[in-house]
Amino acid sequence: MTDLAGRVVGIWGLGKEGLSMARTAAAHGAQRIVAVDDRATELPATDIPGMTAHFGPDAVHLLRDVDIVFVSPGVPWRHPVFEELRRGGPQVSSAADWFLSAHGGRTIGVTGTKGKSTTAAFLAHLLTSLGASAVVAGNIGTPLSDLSGSDLDAEPGRWVVAELSSQQCALLSTSPAVAVITNLYQDHLDFHGDVPNYYAAKAHIFDHGARALITTPEVVAALDGIGITALPPVLRLVDPATARAPGSGGVMCYPHNVANAALAAHAAAEVLGRPVTDAELDAAAATFAGLPHRLQTVRTTGPTRWIDDTLATTGESVVAALRALPAGEHVALIVGGMDRRLDYRPLDDYLCSGQRRVTLIQGPSNGALIGARFARSHPDRTHPVQTLEQAVRLAAGLPGVDVVLLSPGAASYDIYRNYEAKAAAFCGYIDTL
């Protein structure tokens with residue numbers, strides 16, 4: 001699969017990863033490149049030799065006549081043409097699959113419903129702090145196909161830490177040497193159809209040749225529940241309830257990141273061939289700044305901190321964000337985004353428990369579904385709004401608020417191009433107050 005010379009290559013999706021794979025195909029001597037995007041209307045500024053771009057819902061049919069199709073992560077698994085291609089036709093792959101087929105032996109793959117970006121970034125930071133060479137890529141920002149094979153070959157000891165989404169895992173035919181699964185909750189049902197299919201997609205991170213799996217007992221039990229019992233030869237388990245918090249403070253000491261830090265330490269030990277000491281973990285945690293859009297304080301107005309947590313796209317991740325904030329603070333929580341038929345009862349249970357003083361602001365599109373029981377019990381502390389701008393202005397006028405937390409519990413694609421665009425709009429509205 002890594003030999004693309006002389007082949008007709010199809011690219012489905014012209015986002016960051018699709019364009020990266022198109023550039024890679026051109027660099028590897030593809031005869032021509034047929035790029036399609038059924039949701040876009042024009043090609044971003046680019047100059048890729050041999051590529052023709054086609055747009056609109058009918059363009060995907062052109063992919064039937066290529067040698068291999070590289071599918072971007074955003075293409076729905078149940079799209080009729082995607083299903084047809086998988087049943088029989090051109091070979092179907094992805095940028096992540098293409099990279100791992102050549103470099104899986106030097107890759108640590110990190111997936112999970114939540115925490116995978118922070119775990120991947122911290123793992124690369126930890127390895128670097130211990131004198132190893134590591135680069136982080138994949139779903140976290142830099143497409144794996146952007147990594148130069150010649151650069152990797154020039155540094156044989158370099159490890160790639162690859163953050164992989166369920167969509168990327170679903171197409172893997174080669175697993176990374178070491179696989180990390182942070183957790184498994186209900187998510188991406190619009191893409192995979194149901195929870196078993198979603199969990200099974202995640203399992204592809206290890207079931208094509210990984211030598212080690214680093215995860216939690218809960219993940220192993222969830223996989224066992226859908227009949228996945230064959231695990232890699234090496235299994236390292238981290239119990240979130242007993243994991244040791246780094247003693248240095250910082251974002252890796254947040255309750256939801258303690259297990260992530262321990263998972264990263266086990267993964268680092270697997271590739272280093274020795275345990276990571278508590279002192280080494282603490283030192284790395286003390287110098288890790290965290291990632292944007294994950295409990296990131298973006299503005300301060302008077303006594304109020306405004307926090308961007310737009311990557312909290314499930315109810316469980318909103319609960320984790322609330323638990324990470326200092327006890328006793330009054331939080332104005334802004335929720336709502338694209339409806340993906342998630343179960344928000346765990347979040348509602350937490351809101352109704354009274355563990356946190358919260359004023360709930362239910363924004364578009366599915367905000368009314370988030371905290372519905374809390375809203376019935378506390379109508380005086382619940383405010384439905386029609387826009388994010390209204391949410392910001394309402395939050396600014398609430399008395400005694402210490403934190404305004406944009407932790408939507410849903411994806412941003414209902415209104416915004418992505419979570420970054422939603423976060424930018426959030427900051428822009430704050431700046432007009």
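The legends below describe close-up views of a predicted model.

**View 1. Domain layout of the chain.** The domain assignment divides the chain into domain 1 (8-93), domain 2 (97-287) and domain 3 (296-431). Between the C-alpha centres of domain 1 and domain 3 the distance is 37 Å.

**View 2. The largest nonpolar core.** This core has 43 residues. Within the core, L144, L164 and F206 have the most contacts. Helix α3 (residues 95-103) contributes five residues, the most of any element. The core lies between domain 1 (8-93) and domain 2 (97-287), because both domains give residues to it. Another core, of 35 residues, lies apart from this one. L123, A177, V178 and M252 are among the residues of that other core.

**View 3. Surroundings of L144.** L144 is one of the residues with the most contacts inside the largest nonpolar core. Not counting residues up to four places away in sequence, L144 touches A96 and F99, and also A137 and G138. The remaining residues touched by L144 under that condition are V160, A162 and L164. L164 is itself listed with L144 and F206 as having the most contacts inside the core.

**View 4. Packing of helix α1 on helix α3.** The axes of α1 (residues 16-27) and α3 come within 10 Å of each other, and they cross at roughly 45°. Angles from 65 to 115 degrees count as roughly perpendicular and those under 35 degrees as roughly parallel, so α1 is oblique to α3. On the α1 side the contact is made by E17, M21 and T24, and on the α3 side by A95, A96 and W98. By residue class, the contact of α1 with α3 holds four nonpolar residues, one polar and one charged.

**View 5. T24 in helix α1.** T24 is found in α1 and is one of the α1 residues that meet α3. Its relative accessible area is 7%; buried means under 20%, so T24 is buried. Leaving aside neighbours within four places in sequence, T24 is in contact with W98 and S145. W98 is also among the α3 residues in the contact with α1.

**View 6. Helix α12 and its covering elements.** Helix α12 (residues 315-324) is mostly covered, with eight of its 10 residues buried. The buried residues are G315, S317, V318, V319, A320, A321, L322 and A324. Two of the elements that these buried residues pack against are helices, α10 (255-272) and α13 (345-353). They also pack against the strands β14 (330-335), β15 (357-362) and β17 (403-406).

**View 7. E218 in helix α9.** E218 lies in α9 (residues 217-225). At a relative accessibility of 47%, E218 counts as partly exposed. Leaving aside neighbours within four places in sequence, E218 is in contact with D239 and P240. E218 and P240 are 22 residues apart along the chain, and their C-alpha atoms are separated by 9.3 Å.

**View 8. R345 in helix α13.** R345 has its place in α13, one of the elements against which the buried residues of α12 pack. The relative accessible area of R345 is 58%; exposed means over 50%, so R345 is exposed. The C-alpha atoms of R345 and Y254 are separated by 23 Å, with their positions 91 residues apart along the chain given as the sequence separation.

Terms used: Residues are numbered from 1 along each chain as its sequence is written. This is a predicted model: local features need pLDDT of at least 70, side-chain atom pairs count only at pLDDT 80 or more; totals for chains, interfaces and linings use all residues. Side-chain values use heavy atoms; hydrogens and water are left out. Domain bounds come from an automatic or database domain assignment. A nonpolar core is a set of buried Ala, Val, Leu, Ile, Met, Phe, Trp, Tyr and Cys residues joined through side-chain atoms within 4.5 Å. Buried means under 20% relative accessible area, exposed over 50%, partly exposed in between (1.4 Å probe, protein chains only). Helices (H or I, at least four residues) and strands (E, at least two) are DSSP runs, numbered from the N terminus. Contact means heavy atoms within 4.5 Å. Axes are lines fitted to C-alpha atoms, for helices over the stretch in contact, and angles run from 0 to 180 degrees between N-to-C directions. Angles under 35 degrees count as roughly parallel, over 145 as roughly antiparallel, 65 to 115 as roughly perpendicular and the rest as oblique. Ala, Val, Leu, Ile, Met, Phe, Trp, Tyr, Cys and Pro count as nonpolar, Asp, Glu, Lys and Arg as charged, and the others, Gly among them, as polar.
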